[in-house]
Amino acid sequence: MTERDDVDAIVEQWRRERAGMRPEPMAVFGRIFRLARLVGDEQERAYAAWGISRGEFDVLAALRRAGAPYTLAPKALAAGLMLTSGGMTGRLDRLERAGLVRRAPDPADRRGLQVTLTDTGRQVAEEAADAGLATQRRLLDALPQRDQERLAELLRDLLAAAAPTAAPDVTNRRPRTRP
């Protein structure tokens with residue numbers, strides 16, 4: 001068994017301070033958030049070797065995964081990466097200046113654009129993907145293969161439960177105020 005960590009201490013502090021609170025979810029999500037941050041930082045360092053950020057890698061990877069001719073509409077990219085059109089434009093501007101993508105009019109839609117990986121962009125996407133995957137593999141190797149597979153299943157189930165359609169509508173709720 002792994003020794004106790006900072007998240008255990010946080011959960012215990014809540015238990016001590018508010019006996020009826022039931023802070024157990026913090027043990028899961030606190031670790032998910034911390035792990036995402038730590039791995040994200042490592043991924044960022046890995047991608048920096050190619051002069052790109054993690055967000056820029058995500059764009060290159062989406063184009064590469066699309067298959068030849070490695071072309072997508074900016075709207076499709078933004079939707080797939082859960083970005084606003086403004087956020088996508090900024091990333092595309094940087095990637096285009098670096099010579100990793102090119103934008104061109106969509107021949108099927110006069111109002112639309114297409115974004116295509118350049119040959120250099122494809123090479124960067126593939127090499128950066130290998131480096132990022134090596135980082136992820138190194139971290140996951142701390143768990144036996146069977147546990148890695150089970151963790152992936154559990155996280156898939158948790159992600160499905162957290163999908164927007166499963167979330168309760170809290171738009172009109174107001175925080176309770178104390179009298």
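A pocket, as the word is used in this talk, is an open set of grid points with protein on both sides within 12 Å along at least five of seven lines. Good morning. The structure before you is a predicted model, and I shall begin with its pockets, proceed to its core, and close with several individual residues.

By that definition, the second largest pocket has a volume of about 150 Å³. Its lining is made up of D58, A61, R65, G80, L81, M82, L83 and R91. Sorted by class, these lining residues comprise four nonpolar, one polar and three charged. Two helices, helix 3 and helix 4 (74-81), each contribute at least two residues to the lining of this second largest pocket. Of the elements involved, helix 3 gives the most, with three residues.

One member of that lining, M82, deserves a further remark. M82 sits in the loop that joins helix 4 to helix 5. Its phi is near 55°, a positive value in a residue other than glycine. Is M82 buried or exposed? The relative accessible area of M82 is 77%, and because the threshold for exposed is over 50%, M82 is classed as exposed.

I turn now to the largest pocket, for which the computed volume is about 1,500 Å³. A total of 33 residues line this pocket, and I32, L35, A36, L151 and L155 lie nearest its centre. The lining of the largest pocket consists of 18 nonpolar, five polar and ten charged residues. Which helices supply at least two residues each to that lining? They are helix 1 (6-17), helix 2 (24-48), helix 3 (54-65), helix 6 (119-140) and helix 7 (145-162). Helix 2 gives the most to the lining of the largest pocket, namely twelve residues.

Between helix 1 and helix 2 there is a loop, and R22 is placed in it. R22 has a relative accessible area of 67% and is therefore exposed. The C-alpha atoms of R22 and V11 are 8.8 Å apart in space, with the two residues eleven apart in sequence.

From the pockets I pass to the nonpolar core. The largest such core holds 22 residues, and I52, V59, L60, L77 and V101 touch the most other members. Helix 3, helix 4, helix 5 (85-97), strand 3 (109-117) and helix 6 each supply at least two residues of this core. Helix 3 gives the most to the core, with six residues. As an illustration of the packing, consider L77. With neighbours within four places in sequence set aside, L77 is in contact with V59, A62, L63, L72, M88, L92 and V115.

Helix 3 also carries a charged residue, E56. How accessible is E56? Its relative accessible area is 8%, and since buried means under 20%, E56 counts as buried. Two polar partners of the E56 side chain may be named. The side chain of R94 makes a polar contact with that of E56 at 2.6 Å, and the backbone nitrogen of S53 is reached by the E56 side chain at 2.9 Å. Residues up to four places away in sequence being left out, E56 touches G51, R91, R94 and L95. R91, which appears in this list of contacts, is also one of the residues lining the second largest pocket.

My last region is the loop between helix 3 and strand 1 (71-72), where P69 is found. The peptide bond leading from A68 to P69 is cis, with omega near 10°. Y70 belongs to this loop as well. Although Y70 is not a glycine, its phi is positive, at about 60°. Y70 is buried, its relative accessible area being 16%.

Both P69 and Y70 are among the contacts of T116, a residue of strand 3. The full set, apart from neighbours within four places in sequence, is P69, Y70, T71, L100, V101 and R102. V101 was mentioned earlier as one of the core residues that touch the most other members. Which side chain makes a polar contact with the side chain of T116? That partner is T71, at 2.7 Å. T116 has a relative accessibility of 13% and so counts as buried.

To conclude, helix 3 recurs in each part of this account. This helix is among those that line the largest pocket, gives the most to the lining of the second largest pocket, and gives the most to the largest nonpolar core. Thank you for your attention.

Note on methods
Residues are numbered from 1 along each chain as its sequence is written. This is a predicted model: local features need pLDDT of at least 70, side-chain atom pairs count only at pLDDT 80 or more; totals for chains, interfaces and linings use all residues. Side-chain values use heavy atoms; hydrogens and water are left out. On a 1 Å grid over the protein atoms alone, a cavity is a set of points where a 1.4 Å probe fits but cannot get out, and a pocket is an open set with protein on both sides within 12 Å along at least five of seven lines; lining residues have an atom within 4 Å of a point. Grid points are joined across faces, edges and corners, and a volume is the space filled by probe spheres set on the points. Helices (H or I, at least four residues) and strands (E, at least two) are DSSP runs, numbered from the N terminus. A nonpolar core is a set of buried Ala, Val, Leu, Ile, Met, Phe, Trp, Tyr and Cys residues joined through side-chain atoms within 4.5 Å. Buried means under 20% relative accessible area, exposed over 50%, partly exposed in between (1.4 Å probe, protein chains only). Contact means heavy atoms within 4.5 Å. A polar contact is a pair of N or O atoms within 3.5 Å; within protein, one must be able to donate a hydrogen and the other to accept it, and residues adjacent in sequence count only if both atoms are side-chain atoms.
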